[in-house]
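Got your viewer open? Let's take a short walk through this model, one selection at a time.

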Amino acid sequence: MTGSVQNTTRQRPSTSLRRALWHEWRRRRDLFALYGTFMTVALLCAIHLDFRLGVVLILLAVRLPADLADPVLEDGMQLRSSLGISRADAVRARTLLVSAGQLLLALGAAGVILLSDWAPGAQHWSSLGIVTANDDGSSPPALWGHLVDIGLFSGAIAWTHALIGGDAFRLGARMTGRRAVVWFLGVCLLIYLALVGSMLLTSGLLLSAGADDDLGTRFVIAERVAQGTALLLTLGGGITALVLRYRRWVRRA
């Protein structure tokens with residue numbers, strides 16, 4: 001009997017944060033297994049059938065804070081209290097698990113983009129449709145275009161998590177997957193406006209400086225500057241905002 005008690009003690013995580021992570025994983029591992037299966041199917045479809053399901057993976061990542069939230073917040077708090085898990089560690093564990101799940105789903109969507117066979121003339125929404133005399137738009141998107149698209153949607157996921165993820169920990173707050181998707185679409189709209197605004201501003205500055213030619217170089221430079229600016233604000237800003245909000249959620253726990 002003594003040996004059995006010792007084994008049980010060893011198996012139970014020794015700290016509140018580890019218990020919180022183990023508790024959250026046990027509650028939602030079936031959902032993560034389902035998402036992992038769907039991600040595998042999406043990658044296989046992209047490779048063998050040229051059928052892209054990356055947008056579905058992105059929307060699943062956006063919904064994840066809502067999908068992992070407690071249906072009844074009071075019941076979840078009481079259960080964690082009975083396991084000796086502090087509220088702050090519960091917030092840490094949930095945020096870490098959601099962020100890890102979003103990262104995996106985002107990587108799956110990135111794999112769909114990079115492994116797909118893109119048709120000539122296809123473009124990402126972040127390319128702004130720039131066509132020059134040297135490139136008439138008849139070739140598939142370049143690697144840079146893929147990376148910009150991946151960075152922008154990943155940043156939009158991080159911004160959405162930062163903006164509404166705290167509702168999953170507050171009594172009386174309505175954390176739903178539909179609401180998360182609406183916020184995500186709003187963030188994407190702002191990103192596109194930032195892209196267009198940055199490109200027009202840069203193009204105007206280059207034109208006023210006399211940098212103009214018949215090959216469309218000015219527009220290419222303006223597009224690259226706009227994409228770099230949008231990446232900095234979206235991906236860099238989204239990660240920073242999520243870290244700052246995470247610290248605030250823990251302090252207010």
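**Stop one: a hidden glycine**

Select Gly 155: its relative accessibility is 0%, so it counts as buried (under 20% relative accessible area, with exposed being over 50% and partly exposed in between, using a 1.4 Å probe and protein chains only). Before going on, know that this is a predicted model, where local features need pLDDT of at least 70, side-chain atom pairs count only at pLDDT 80 or more, and totals for chains, interfaces and linings use all residues. Residues are numbered from 1 along each chain as its sequence is written, and side-chain values use heavy atoms, leaving out hydrogens and water.

Gly 155 sits in helix 6 (helices are DSSP runs of H or I, at least four residues, numbered from the N terminus). Now show Thr 234, Leu 235 and Gly 238: Gly 155 touches them, not counting residues up to four places away in sequence (contact means heavy atoms within 4.5 Å).

**Stop two: a neighbouring helix**

Next, select Val 187, which is 32 residues from Gly 155 in sequence but 9.4 Å away in space, C-alpha to C-alpha. Val 187 is one of the helix 7 residues that meet helix 6; on the helix 6 side, show residues including Phe 153, Ile 157 and Trp 159. By class, this contact has 14 nonpolar, 1 polar and 1 charged residues (Ala, Val, Leu, Ile, Met, Phe, Trp, Tyr, Cys and Pro count as nonpolar, Asp, Glu, Lys and Arg as charged, and the others, Gly among them, as polar).

**Last stop: past the end**

Finally, pick Gly 210, just after helix 7: Gly 210 takes a positive phi of about 90°.

Terms used: Helices (H or I, at least four residues) and strands (E, at least two) are DSSP runs, numbered from the N terminus.
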